[in-house]
Amino acid sequence: MTTTPVATPVTAALARLAAVGLAELVDRAALQTRVDRKYLIPTSTLPRLLEQVEPFAKVLDIGGQRTFRYESVYFDTPRLASYHCAAYRRRRRFKVRTRTYLDSAECWLEVKISGARGSITKHRLPYHPRDCGTVRPGRDFIDEALTRESLGPAAGSSLDPVLITDYQRATLLLPASASRVTVDLGLTWRDAESTLRLPALAVVETKSASAATPVDRMLWQMGIRPVRISKYATGLAALRLDLPDVPWRRTLRRHFRSTIPSVEQAPTTSHRPEQEASCV
């Protein structure tokens, strides 16, 4: 698998930041329960942003490497219950995925629960990379996490791979606020029929216990506001035009659907309208 290379100006800007190791990053800002704010910005804007955060941010560095390749496989029920929970803005939502860190071949099975006031709780299980395309070895873990979070009706439903995302990520630590910022580049989405690439855009995501981070305030001062985007739901909506997309329609029109030439589809592609799935 190949990924879009990180632009040289971004690499240079990251190289100027102080380094932080993985153990310290996790110790100071694990944030398994957190509030996320997401931004879509041109990759050409990143060097300026990174220059501004240089005095107070550190970048994750592992063996001299500061960007890392990620692959996530998202799972859903046959009627896309997880997707429809998000599309119809249900207060309690869930997401199931495997995440593989391609540079280290480390893999995790993750269950993310969205709750009140935008809070997110993540449950993680170490996973074998060869099982990244199935939930079978971790099915009990998934059902226990969903039941623990009062999402029991989702437990026991069939979960199949629906979407794969690939990207490169840099992770920043903001020690003063015990918060993190991730920067994702070379974004690619793939389902069984199509591939979508957004090489000129980056997803910047701030992760904090509650309050806005200094990076949030910097982006606001630059005229960049948070957007509604989910790598799973927005990506799937961009690839499957038959699905409901109200929460991400503005994001899709502005950033995704202007990129139709970069969507690769098999000539036999056909879509059937989906009925709204029951949601937990």
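Buried here means under 20% relative accessible area, a cut-off that comes up in two of the views below of this predicted model.

**View 1. C107, tucked away from solvent.** With a relative accessibility of just 3%, C107 counts as buried. Its sulfur has a cysteine neighbour, C132, whose sulfur is the closest one at 5.7 Å. That's too far for a bond, because a disulfide needs the two sulfur atoms within 2.5 Å.

**View 2. C132, the other side of the pair.** C132 is in no disulfide either, and the nearest cysteine sulfur, that of C107, sits 5.7 Å away. C132 is buried as well, at a relative accessible area of 18%. Go looking for disulfides by this rule and the count comes to zero.

**View 3. Helix α3 against helix α6.** Two packed helices are described by the angle between their axes and the distance between the axes. Here we have α3, residues 46–53, and α6, residues 214–221, with axes that come within 11 Å and cross at roughly 135°. That angle makes α3 oblique to α6, since it falls short of the over-145 range that would count as roughly antiparallel. As for handedness, the crossing of α3 and α6 is right-handed.

**View 4. Side by side at the α3–α6 contact.** Which residues do the meeting? From α3 it's L49, Q52 and V53, and from α6 it's V215, M218 and L219. Sorted by class, this contact has five nonpolar residues, one polar and no charged ones. The polar one is Q52.

Conventions: Residues numbered from 1 in each chain as written. Predicted model: local features only at pLDDT ≥ 70, side-chain atom pairs only at ≥ 80, totals over all residues. Heavy atoms only, no water. Axes fitted to C-alpha atoms, helices over the stretch in contact; angles between N-to-C directions. Helix = DSSP H or I, 4+ residues; strand = E, 2+ residues; numbered from the N terminus. Parallel < 35°, antiparallel > 145°, perpendicular 65-115°, else oblique. Left-handed = near helix turned anticlockwise from the far one by under 90°. Contact = heavy atoms within 4.5 Å. Buried < 20%, exposed > 50% of the residue type's maximum accessible area, 1.4 Å probe, protein only.
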